[in-house]
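Please look through the sequence and the model below with the pockets, the core, the sheet and the backbone in mind. The report that follows takes these topics in turn.

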Amino acid sequence: MGVMKDRMHTGELYLPGDEEILERQFRCLDRLYDFNMTRPTEMKKREALLKEMFAEIGEGCYIEPPFHSNFGGGHVHFGKFVYANFNLTCVDDTHIYVGDYTMFGPNVIVATAGHPILPELREKAYQYNAAVHIGKNCWIGAGAIILPGITIGDNVVVGAGSVVTKDLPSNVVAVGNPCRVLREVGDHDREYYFKNRKIDYENL
């Protein structure tokens, strides 16, 4: 393996235009293209492609095309029953881990790649990557952006349009830019599912 390829997963500076990296990336992107060109009725084909594309993907996962990903999911690890609405973007130059039952609203971006602040290094196209970890049973609201190196705990709700710049603990609702913890998930949420609407447990 080449030196640059080794650095993709260490957080070190590297050149993403390296020939060995690009060769694998284009193979991954061709499969991603095939996935995005499937018809809505071709569910079995989509399922088979996702198993080829992803580093790991559990049972019952559903991704609504179009799906965008630097390595076509090649560095993405999904648990079981993960759901992603339209336009999930995984900048998966290094690994992205997502726990069981997590849901992504439309237009969510999960990024692992960054570039140095120093202009001279950016001019040479240097890059670094930091893995992202998202826990189980999270709901990432529409248009949220999760930055490189972030860890989000279990049972977290991230509000629509939030920009997650710091780690989030488990069992919280977090919103805003930058994203901040609004409150803990608690008794109120066992009674109400939306504003003043009560959960009718007898009919669920």
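Which element gives the most to the lining of the second largest pocket? In this predicted model, that element is α3, with five residues in the lining.

## The second largest pocket

The second largest pocket has a volume of about 210 Å³, and of the 13 residues that line it, E47, L50, G60, C61 and Y62 are the closest to its centre. Besides α3 (43–53), the strand β2 (62–63) also supplies at least two residues of this lining. Sorted by class, the lining of the second largest pocket holds seven nonpolar, two polar and four charged residues.

## The largest pocket

Rolling a probe the size of a water molecule over the atoms shows where empty space is left. In the largest pocket, that space comes to about 570 Å³. Its lining is made up of 16 residues, and those that lie nearest the centre are W139, V157, V173, D189 and Y193. Two elements, α5 (187–191) and β20 (192–194), give two or more residues each to this lining, and β20 gives the most, with three residues. The lining of the largest pocket divides into 10 nonpolar, three polar and three charged residues.

## The nonpolar cores

The largest nonpolar core has 35 residues, and F78, F104, I134, I140 and I152 are those with the most contacts inside it. Helices and strands both contribute, since at least two residues of this core come from each of α2 (19–36), α3, β4 (76–78), β7 (96–98), β12 (132–134) and β18 (172–175). The largest share, three residues, comes from α3, the helix that also gives the most to the lining of the second largest pocket.

Apart from this core lies another one, of six residues, which include M4, M8, Y14 and C28. Returning to the largest core, I140 is one of the residues with the most contacts inside it; leaving aside residues up to four places away in sequence, I140 touches M103, F104, G105, V108, I134, I146, I152 and V158.

## The seven-stranded sheet

Strands of a sheet pair through backbone hydrogen bonds, either parallel or antiparallel. Here an open sheet of seven strands has mixed pairing and follows the order β2-β5-β8-β13-β16-β18-β19. Its edge strands are β2 and β19 (180–184), each of which pairs on one side only.

At the β2 edge, two bridges join β2 to β5 (residues 83–84), and these two strands run parallel. Y62 stands opposite Y83 in β5, and Y62 is also among the residues closest to the centre of the second largest pocket.

## Backbone features in the loops

Most residues other than glycine have a negative phi, and most peptide bonds are trans. Against that background, where do the cis peptide bonds that involve P66 and P178 lie? P65 and P66 are joined by a cis peptide bond with omega about 0°, and P66 is placed in the loop between β2 and β3 (68–69). The peptide bond from N177 to P178 is likewise cis, with omega near 0°, and P178 is found in the loop between β18 and β19.

Two residues that are not glycine have a positive phi: F81, at about 55°, and N155, at about 60°. F81 lies in the loop between β4 and β5 and is partly exposed, with a relative accessible area of 37%. N155 sits in the loop between β15 (151–152) and β16 (157–158) and also counts as partly exposed, at 32% relative accessibility.

Key. Residues are numbered from 1 along each chain as its sequence is written. This is a predicted model: local features need pLDDT of at least 70, side-chain atom pairs count only at pLDDT 80 or more; totals for chains, interfaces and linings use all residues. Side-chain values use heavy atoms; hydrogens and water are left out. On a 1 Å grid over the protein atoms alone, a cavity is a set of points where a 1.4 Å probe fits but cannot get out, and a pocket is an open set with protein on both sides within 12 Å along at least five of seven lines; lining residues have an atom within 4 Å of a point. Grid points are joined across faces, edges and corners, and a volume is the space filled by probe spheres set on the points. Helices (H or I, at least four residues) and strands (E, at least two) are DSSP runs, numbered from the N terminus. Ala, Val, Leu, Ile, Met, Phe, Trp, Tyr, Cys and Pro count as nonpolar, Asp, Glu, Lys and Arg as charged, and the others, Gly among them, as polar. A nonpolar core is a set of buried Ala, Val, Leu, Ile, Met, Phe, Trp, Tyr and Cys residues joined through side-chain atoms within 4.5 Å. Buried means under 20% relative accessible area, exposed over 50%, partly exposed in between (1.4 Å probe, protein chains only). Contact means heavy atoms within 4.5 Å. Two strands pair if DSSP finds at least two bridges between them.
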